[in-house]
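Reader: I would like a close look at a single part of this structure. Please take one part and go through what surrounds it.

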Amino acid sequence: MSTIADNIAQVAERIRNACQAVQRDPHSVQLLAVSKTKPAAALREAHAAGLRDFGENYLQEALGKQQELADLPLSWHFIGPIQSNKTRAIAEHFDWVHSVDRLKIAQRLSEQRPAELPPLNICIQVNVSGEASKSGCAPADLPALASAIGALPRLQLRGLMAIPEPTEDRAAQDAAFAAVQRLNNDLRDSLKLPLDTLSMGMSHDLEAAIAQGATWVRIGTALFGARDYSQS
């Protein structure tokens, strides 16, 4: 039975191979361990194997793990849908938020980010596949939203996050991720924003995401195994 350390090594090899295939520096892609529904002990094991960045979808679950793991120098990323009544805790306890899709949420995060903490790193979630069931800003609305968020204090707009419609078709994966990269480049060029981040790619499609410029790949199942949602 493979251990979390074994799984991390296998994912790191996949990242290296994907970067080599498109002549990218492997250090330009960071691994975000998606640890929702996983116990703090699993995160501690992953940290012992070299991981520092963990992505959580559920606020109360994440806050409990943060308390249990307060002795470790971890970086916490919020990657789930955000309700207005959750913004204060997110602003106070996370280093990154990948799932901002409307100005109201960004404004609340800005107002509630403690002054003694560094600016909160923000990615705008874009609904690149136009799925009705998915969160995310419509591509046409991105320029106005990015311009407004870029002007808010206590936040640092870093780039875009996307969860394209799942498919095993590599050409379709490439097309979706390439569209996100184009949107990010257009924002950077037209609005003169210092965007350096593309948060995209998961266990089943990280190779395509890296080929199209991903800087964070969000990996859960390939690191920790299948999730048990019964406790969520």
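**Strand 6 and its surroundings**

Author: At 0% relative accessibility, Cys123 falls under the 20% limit and therefore counts as buried in this predicted model. Residue 123 lies within strand 5, which covers residues 120–125. The neighbour of that strand is the part to look at here: strand 6, made of residues 155–161.

Strand 6 is mostly covered, with five of its seven residues buried. On one side, strand 6 pairs with strand 5 in the parallel sense, over six bridges. One of the bridge partners can be named: Ile124 is matched with Leu160 in strand 6. The chain gets from strand 5 to strand 6 by way of helix 6 (residues 142–150), and the three elements make a right-handed β-α-β unit.

Strand 6 also pairs with strand 7 (residues 197–199), again in the parallel sense, here over three bridges. In this pairing Met161 stands opposite Ser199 of strand 7. Helix 7 (residues 170–191) joins with strand 6 and strand 7 in a right-handed β-α-β unit. Strand 6 thus belongs to a unit with strand 5 and helix 6, and to a unit with helix 7 and strand 7.

That leaves the cysteine in strand 5. A disulfide is a covalent bond between the sulfur atoms of two cysteines. The structure holds zero disulfides. For Cys123, the closest cysteine sulfur is that of Cys137, and the two do not bond because 13 Å is too far. Cys137 is also buried, because its relative accessible area is 5%, under the 20% limit.

Methods. Residues numbered from 1 in each chain as written. Predicted model: local features only at pLDDT ≥ 70, side-chain atom pairs only at ≥ 80, totals over all residues. Heavy atoms only, no water. Buried < 20%, exposed > 50% of the residue type's maximum accessible area, 1.4 Å probe, protein only. Helix = DSSP H or I, 4+ residues; strand = E, 2+ residues; numbered from the N terminus. Pairing = 2+ DSSP bridges. Right-handed = clockwise from strand over helix to strand, strands pointing away. Disulfide = S-S within 2.5 Å.
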